[in-house]
Amino acid sequence: MPKAPKMPGLLKGLGVTMKTAKETMFPDGLLKPPSPVRGAATIQYPHDKEAPAPRARGVISLLEENCTSCMLCARECPDWCIYIEAHKTMAPPRRAGGKPRAVNALDRFDIDYSLCMYCGICVEVCPFEALFWSPEYEYSEMRIADLLHDKDRLAEWFETVPEFEPYESGAEVKIKKVPKKATS
Amino acid sequence: MNPFLALDPSYWQVTTLKGIMALVVVPTGAAIIVFVFLFKFVSFMHSRLGPMEAGPHGSLQLIAEAGKFIQKEDIAPDAADKRIFKLAPLIVMASTFLIYVVIPAGPNAVLVDLPTGIYYVLAVSSLSVIGVLMAGWASANKYALLGGLRAGGQLIAYELPMVLAVLGVVIQAGTLNLQQIVLAQSGGEIFGFSGLGNPYILTQFVALVIFMITIQAELTQTPFDMPVAESELVAGYQVEYTGVRFLLFFLAEFSTAFGFSAIAATLFLGGWAVPAAWDIPTVAMHFAGPAILLGKTMIFCLFIFWVRFSFPRLREDQLQKFAWKVLIPIALANIMVTAVLKVAF
Amino acid sequence: MSSSEDTTIPVSESPAADAPSEPAAPVDDLREGLVERLTELLGDGVVDHHIIPGKDVWIRVTADAWQHTAESVRYTLGCRYFGFLSAIDWMPSPWGRGMEAEVDTIVHGKEAKELPAQTTGYAGGDTRFQVFARVANIKDHFGITLKVDAGDETPSVPTWTKVFAGADWHERETWEMYGIDFVGHPFLRHIYLPGDFEGNPCRKDFPLLARFVKPWPGIVDVEPLPGSDEPGSDTAGSDEPAADASAPEETA
Amino acid sequence: MTAISDRQKLAYVAAQASDARVNLELETEGMILNIGPQHPATHGTLRIVAKLDGEQVIHAEPMMGYMHRGYEKLTEVRTYPQVTTLINRIDWVGSFANEVPFILAAEQLMGIEAPLRAQYIRTILFEMGRIANIILFLGDMAVQLGALTPIFYAFRDREYVLNQIEAVTGGRFHPNFDRIGGVKDDFPKGWIEDSLSAMVKVREFCDQMEDLLMGSEIFQARTRGVGVIPPDVAQQFGLSGANARASGIDWDLRRDSNVGLVYGDADWKVWTHPDGDSFARFWVRLQETREATSIVDQLLGSIKGGPIMAKVPRIIKVPEGEAYVATENPLGEMGYYIVSKGDLTPFRVKIRTASFNNVSITPWLLRGVYVPDIVTILGSLYFILGDIDR
């Protein structure tokens, strides 16, 4: 239960700030040499990078061979930022001796990250496991038009997709697998 | 003026040297405290690192900042009273320079050894009020006006307790000359024990506390920073300034902080001197004096910034009440007690 | 220091904590009683009501009784807490979701859908615009949604600001978004929109321009295989995903 | 209570008097001070037009709409799952809490209930959103009053909570995690343990705030007796959340409403303060943060295994009807009034946000105060601009 509030006054406030300064400057105690780089809560961004959580929604990656251009992602997208174009083509049969199949070949799969709200609906609705979240976040651009990632760019992100994490005990959700090739 | 190390410089040589000294010391003082306290120590209090990129641990950051300000366009608002608007930061800066004139940093290292030194300091430090009021009025901005008026009221209200606090020291030392006050502390004794001299921090602790509070107000630092209150008045009287003129305000604020800390060190910690009982030769003090003064000054600077970044801000009416109803009566009582004890012993 | 002990109630003893756990009785005495009491006070003012037992109650009153309703619920029923006030435009939207736009109709030759008839929700309604407000009794833990018909062409209802001071901004917002005049409001002026804005954006016939400036990218226009005469797919957003990876548009 | 109303009366009289002074005695107009829309005290783009006599406010009128995004219109063209991603952006610092009432209202219309484990996950994340939100308030209030340090502590310690939210939802600010019928995913391994230690950090932060800020005499001088809201006025304006509880109104939807969250499974109490001033609002929020950490601790300890999704159709069509569900969001009562016509999209969504009502009291409250008190009062009312402007 929370304590009843107490009234320590201004001196206590001075104590709090000085204590923090001490902890930042001397993270190992006053007798050890000062090391503010470790004591500080911040990190020096371009030099050190914080690893985001594996589930972090950084950028969407595309596994092109799984995509059937069914348009579900483009339709469910709340702000219409996925553009898909495809044409029909004949693919070799699955089994030897089978019939050739008519499939959709992807001509264009663009995600406009300047519009994207990072909601993840497209990843969720994809029935063929072609879209994955990657926690990468460093893809800012000088021009807004460069935020339109085409399918090659989206496919590059697939390398950075982490494996799905195991769940906490008690969870009854199945752990999915990222369909990475054995070679990669 | 005594010859320094057996040299006999002429008047103009001395004057030039002093001028250069003043031009060097004032920005350096500001630079030291801005880097050590505003950039680094405060960052540590916030558990962050502060500037790290320019130079080792960001030590050249200030040069980068100054360069940035100098590059910026010097803008004056259309409706502003341009001449006064441009003059205001110079007046504030001038007041800062004038404070440094009488601070002794060694047996001879004082620009002008005025017999009424401390009186002079208190007088010129209030000059900055005029600059601030000019800035506030001439900016033709409502925030600036409110800030300027607040600054005017506040600086005047805190001038009085500051003078009264200093009077206690003056009574005890028996002189207005800062050099004499330093010597009085260094040669003094406490109940016959002279190993520490008699720094007035011991006998005039009340005066020290009042003095520190008033310089906090005088410098418009939190908890008395209503004139520049960034969350209410955005930046008060500085709101319309950019570039070099803003840099001047900035520099003036921090060199005044440094100057006032030096005065506090002189008045209450014995200034550049060490206790006379330690028997350090005067020649050594010529060199050690400035360093000792710097060290003592830094202690007070630390307090200024520590308080500044720990406390919230008071309201203007509360500040006035605090000055007139609390500080002045205490300061008066302190003077009376000091005077009585002075006569008694 | 003010005490917190005397003003707090442990959760377990709270009367409302048990309320939801009761099986939803077909008769909700509390809410039936409220309607009865309000009918007593307003007489013919109460037009209709709807009760979801154990959950909520909707009461529709006439525009003439609207201000009197506010006084009654506040002073007699103890609903001193003002939740919100807003309005509904019951007209079916002529634009839909902005997907059956010109592009679709041109490409696929579909005809514009016919608008369904105007219907209203709980507690009924006779006009296109309906103002509704919610007040709550925070002692007995219940809330009431009150509705009033505002009219069709130049909707207007009396103001609530004299009873609930907090209705001021809500009425300004409703006036601006739906063009409903609140008779007796001290100063109806724009709250969100610029002062020279024309139109009432939340009315259903006010187009949402963001949906017209670019075509819906979800339109399936996969070029058919030469030789096949499969027609283009339609564009409804409600399609079941194809189970078979090889032929997604068969179900589309 | 007498002291409060006396003070309020005096403030009112003072405002009237200064108005008279300006208009009649001096035959001047008073100074109109535009605070905002680009002003550090307005957390966004709120503009307050204050008529001043010296430093005293005669009349103040907030002007908003600089960030109005028209969510009520936008929701009408989006399907139910799409709406949650939109309404994340209403109160962007406690955003998981925004989704919950909407989802609950939709579930109520569809007549489905989320499994118990999903309800636990919802409640835990809801409280974490509250903690992340109120920590920001605690730091921000200090900045409004001129103390710079607490906001840095707030950002430092909020990070622990945000990291936990990110680890489970994938988004730091916009989780989009709640689904009709359950939640999107389960906790990753080790999350419960990390969360417990994050809660310890938050409690340390609360202690620091108490020492650094709330105990400070300057802080008390600035906040006590400033911006007093009597309980009856608070109810008239529909103040909710900590603002109402600071006026002594014992009203907390977590306890008093019957929505599908599992607050009943934790042992906690509702904190109220009788004073109704800015200090009380700060105090109540600080206590609530502690209470929220305790709720999270208890729920994390008692969460049981099970499914996290109820059976819902793949294409969500909500049956015809109307529902209003409100929850106790970090800022106060946030409710969604959904009117459904049985379509993929809602027919009408009225978003009742807490800040809109909380700020609507300002013209009443700012009469007769000084300019610095405007900042104190606005800070203590704690609004998020997106929550006002929707």
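**Helix 2 of chain C and a buried arginine**

Let me begin with helix 2 of chain C, residues 29-42, which has 14 residues and reaches 20 Å from its first C-alpha to its last, close to the 20 Å expected at 1.5 Å a residue; that expected span is 1.5 Å times one less than the number of residues, and helices (H or I, at least four residues) and strands (E, at least two) are DSSP runs numbered from the N terminus. This is a predicted model, in which local features need pLDDT of at least 70 and side-chain atom pairs count only at pLDDT 80 or more, while totals for chains, interfaces and linings use all residues. Residues are numbered from 1 along each chain as its sequence is written, and chains are lettered from A, and ligands numbered from 1, in the order in which they are written.

The buried residues of this helix are C:R31, C:L34 and C:L38, where buried means 20 or more other C-beta atoms within 10 Å of the residue's own, exposed means 12 or fewer, partly exposed lies in between, and C-beta atoms are placed from the backbone. Seen down the axis of helix 2 of chain C, its buried residues fall within an arc of 50°, so they line one face of the helix; the arc is that of the directions from the helix axis to the C-beta atoms. On the other side, C:D29, C:G33, C:E36 and C:E40 are exposed. Just after the helix, C:G43 takes a positive phi of about 65°.

Turning to strand 2 of chain C, we find C:R60 there, and C:R60 is buried, with 23 other C-beta atoms within 10 Å.
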